[in-house]
Amino acid sequence: MPRLTRSFYLTAFVSAALLAGPALAQQEPCVGNSGPLTGPAAFGGAAVKYGAEVAIDEINAKGGVLGKKLRFVQYDDAGAPPRGVDNTRRIAQSDKCIAILGGYHSTVGLAQVDPVNEIGIPYIGTIAANTKIIENGKNPNAMFRVSAKDKWVSHFLVEQAIKASKTGKIAFIYENTGWGQGAVPDIKSAMQAKGKELVAAETFNWNDQDMSAQVIRIKDAGADTLLIWGLDREGNQILRSLDKIGYKPTMIAAWGLAGNLGELAGPLANGVRVMQTFSWMGEMDAKTKAIWEKIQKKYGVKDPSELKMGSGTANAYDAVHILAKAIEIAGSYDWKKVREALYKVEHEGLVANYRPAFDASNPERQDAILPQYYRMTAWHNGKLLPLAQTPYGASQ
């Protein structure tokens with residue numbers, strides 16, 4: 001074996017130092033996000049930006065955190081997991097941000113689990129709801145979330161479906177992605193907990209243009225209620241396929257149909273019910289109104305209906321305030337100290353009253369928004385309104 005030279009050891013030492021450098025360097029007062037800024041779900045990136053930047057403006061107006069002003073940096077992943085991983089490393093190791101806010105697509109969030117935990121930067125999800133993004137088996141776990149969790153959403157939606165169904169025959173259609181596949185055991189478990197089974201379960205791919213075969217099988221199974229796990233683009237095709245065969249079951253969806261379904265499907269979207277953590281529509285309380293007016297002024301939006309995926313905006317707003325409190329508790333811009341401090345934060349937020357935000361003793365409680373804060377909305381004449389403010393609320 002050749003003798004290892006002094007220069008070899010020096011090279012190895014320098015290389016290791018360079019690799020370790022970003023993780024050991026002082027973190028900066030910036031909050032990062034990898035989200036879709038382009039493509040059909042670009043409204044998801046905008047939703048996070050609106051909530052995060054307004055919260056940062058509020059915090060900076062009071063002097064910032066530990067005497068430093070926060071800033072927001074956002075990179076486009078276009079819903080592509082490899083780009084999300086690249087953006088994660090850029091935010092952590094180049095920008096040296098104190099935290100990453102999770103974006104819109106669960107497929108991206110799942111891909112971020114390993115790099116986030118390898119690097120050690122805190123991740124706080126704001127939209128993507130796949131259960132395993134947070135319940136990932138890592139210990140310690142740097143993945144937190146101020147958003148919905150699919151395991152809890154599944155039970156919520158199944159309860160809604162059972163209430164809405166007249167026959168008890170419920171079917172499920174879901175996208176063939178990590179997000180959709182991850183929901184299958186959650187939905188089946190929620191049905192079993194109610195002593196029921198799905199009469200049909202069908203899947204589809206992104207960009208599928210015709211779902212006729214799937215909805216015909218669902219109709220033949222006798223379902224009067226359909227659970228939907230997909231995004232607006234494919235949701236539009238599901239509605240058009242249902243219309244083609246003259247079949248309109250009660251439709252209850254995860255919040256992938258909370259973006260622009262009303263624009264895409266028009267009147268066909270009327271009556272589609274969608275789970276949310278927050279709604280900007282209808283009468284606002286004083287706190288919501290004050291935040292809405294800041295969003296309106298900063299981004300030039302005129303009506304709350306222009307906030308596509310408005311739950312993500314509210315979640316991101318709360319997430320930044322929770323993060324700021326964690327930095328204050330930690331007394332430092334240090335990833336490890338801030339991660340540990342997140343378990344100590346209590347905060348009365350826009351979406352929920354977080355007491356505490358996270359619980360270190362319970363792996364399920366790396367999720368901050370509990371099911372008691374979930375709410376049902378429905379599409380009506382192009383707007384996603386609280387269910388009680390629509391004609392469909394009377395049946396609940």
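## Exercises on a predicted model

The side chain of Gln 366 has a polar atom 2.9 Å from the backbone oxygen of Met 143. Keep in mind as you work that this is a predicted model.

### Exercise 1: Gln 366 and its surroundings

Work out where Gln 366 sits, whether Gln 366 is buried or exposed, and which residues Gln 366 touches.

*Solution.*

- Step 1: start with the chain. Gln 366 belongs to the loop that runs between strand 12 (353-354) and strand 13 (375-380).
- Step 2: check the accessibility. Buried means under 20% relative accessible area. Gln 366 has 5%, so Gln 366 counts as buried.
- Step 3: look for neighbours, leaving out residues up to four places away in sequence. You'll find Ile 134, Asn 141, Met 143, Phe 144, Arg 145, Tyr 343 and Phe 358.
- Step 4: go back to Met 143 in that list. Its backbone oxygen is the one that lies 2.9 Å from a polar side-chain atom of Gln 366.

### Exercise 2: The disulfide

Find out how many disulfides the whole structure has, and describe what you find.

*Solution.*

- Step 1: search everything. You get one disulfide.
- Step 2: name the partners. They are Cys 30 and Cys 97, with sulfur atoms 2.0 Å apart.
- Step 3: place them. Cys 30 is in strand 1 (residues 28-35) and Cys 97 is in strand 3 (residues 97-101), so the pair ties together parts that are 67 residues apart in sequence.
- Step 4: get the handedness. The torsion about the S-S bond is about -110 degrees, so this disulfide is left-handed.
- Step 5: check burial. Cys 30 has a relative accessible area of 0% and is buried; Cys 97 is buried too, with 0%.

### Exercise 3: The five-stranded sheet

Trace the open sheet of five strands: what is its order, and which strands stand at the edges?

*Solution.*

- Step 1: read off the order, which is 2-1-3-4-5, with parallel pairing.
- Step 2: spot the edges. Strand 2 (71-76) and strand 5 (143-145) each have a single partner strand, so one side of each has no neighbour in the sheet.
- Step 3: get the twist. Neighbouring strands are turned by 25 degrees against each other on average, direction ignored.
- Step 4: zoom in on one pair. Strand 3 and strand 4 (residues 123-125) run parallel and are joined by two bridges. Ile 100 stands opposite Tyr 123 of strand 4.
- Step 5: add the helices. Helix 4 (residues 106-119) packs on the sheet and touches strand 1, strand 3, strand 4 and strand 5, its direction making about 135 degrees with that of strand 5. Helix 3 (residues 81-94) lies across strand 1, strand 2 and strand 3, at about 175 degrees to strand 1.

### Exercise 4: The seven-stranded sheet

Now do the open sheet of seven strands: what is its order, and what kind of pairing does it have?

*Solution.*

- Step 1: the order is 7-6-8-9-10-13-14, and the pairing is mixed.
- Step 2: strand 7 (200-204) and strand 14 (383-386) are at the edges with a single partner strand each, so each has one side without a neighbour in the sheet.
- Step 3: from one strand to the next, the twist averages 25 degrees.

### Exercise 5: One face of a helix

Decide why the buried residues of helix 13 line one face of the helix.

*Solution.*

- Step 1: list the buried residues of helix 13 (residues 335-342): Trp 335, Val 338, Arg 339, Ala 341 and Leu 342.
- Step 2: look down the axis. These buried residues fall within an arc of 165 degrees, so they line one face of helix 13.
- Step 3: inspect the N-terminal end. Asp 334 caps helix 13 there, with a side-chain oxygen 3.2 Å from the backbone nitrogen of Lys 336.

Terms used. Residues are numbered from 1 along each chain as its sequence is written. This is a predicted model: local features need pLDDT of at least 70, side-chain atom pairs count only at pLDDT 80 or more; totals for chains, interfaces and linings use all residues. Side-chain values use heavy atoms; hydrogens and water are left out. Helices (H or I, at least four residues) and strands (E, at least two) are DSSP runs, numbered from the N terminus. Buried means under 20% relative accessible area, exposed over 50%, partly exposed in between (1.4 Å probe, protein chains only). A polar contact is a pair of N or O atoms within 3.5 Å; within protein, one must be able to donate a hydrogen and the other to accept it, and residues adjacent in sequence count only if both atoms are side-chain atoms. Contact means heavy atoms within 4.5 Å. A disulfide is a pair of cysteine sulfur atoms within 2.5 Å. Two strands pair if DSSP finds at least two bridges between them. Axes are lines fitted to C-alpha atoms, for helices over the stretch in contact, and angles run from 0 to 180 degrees between N-to-C directions. The arc is that of the directions from the helix axis to the C-beta atoms.
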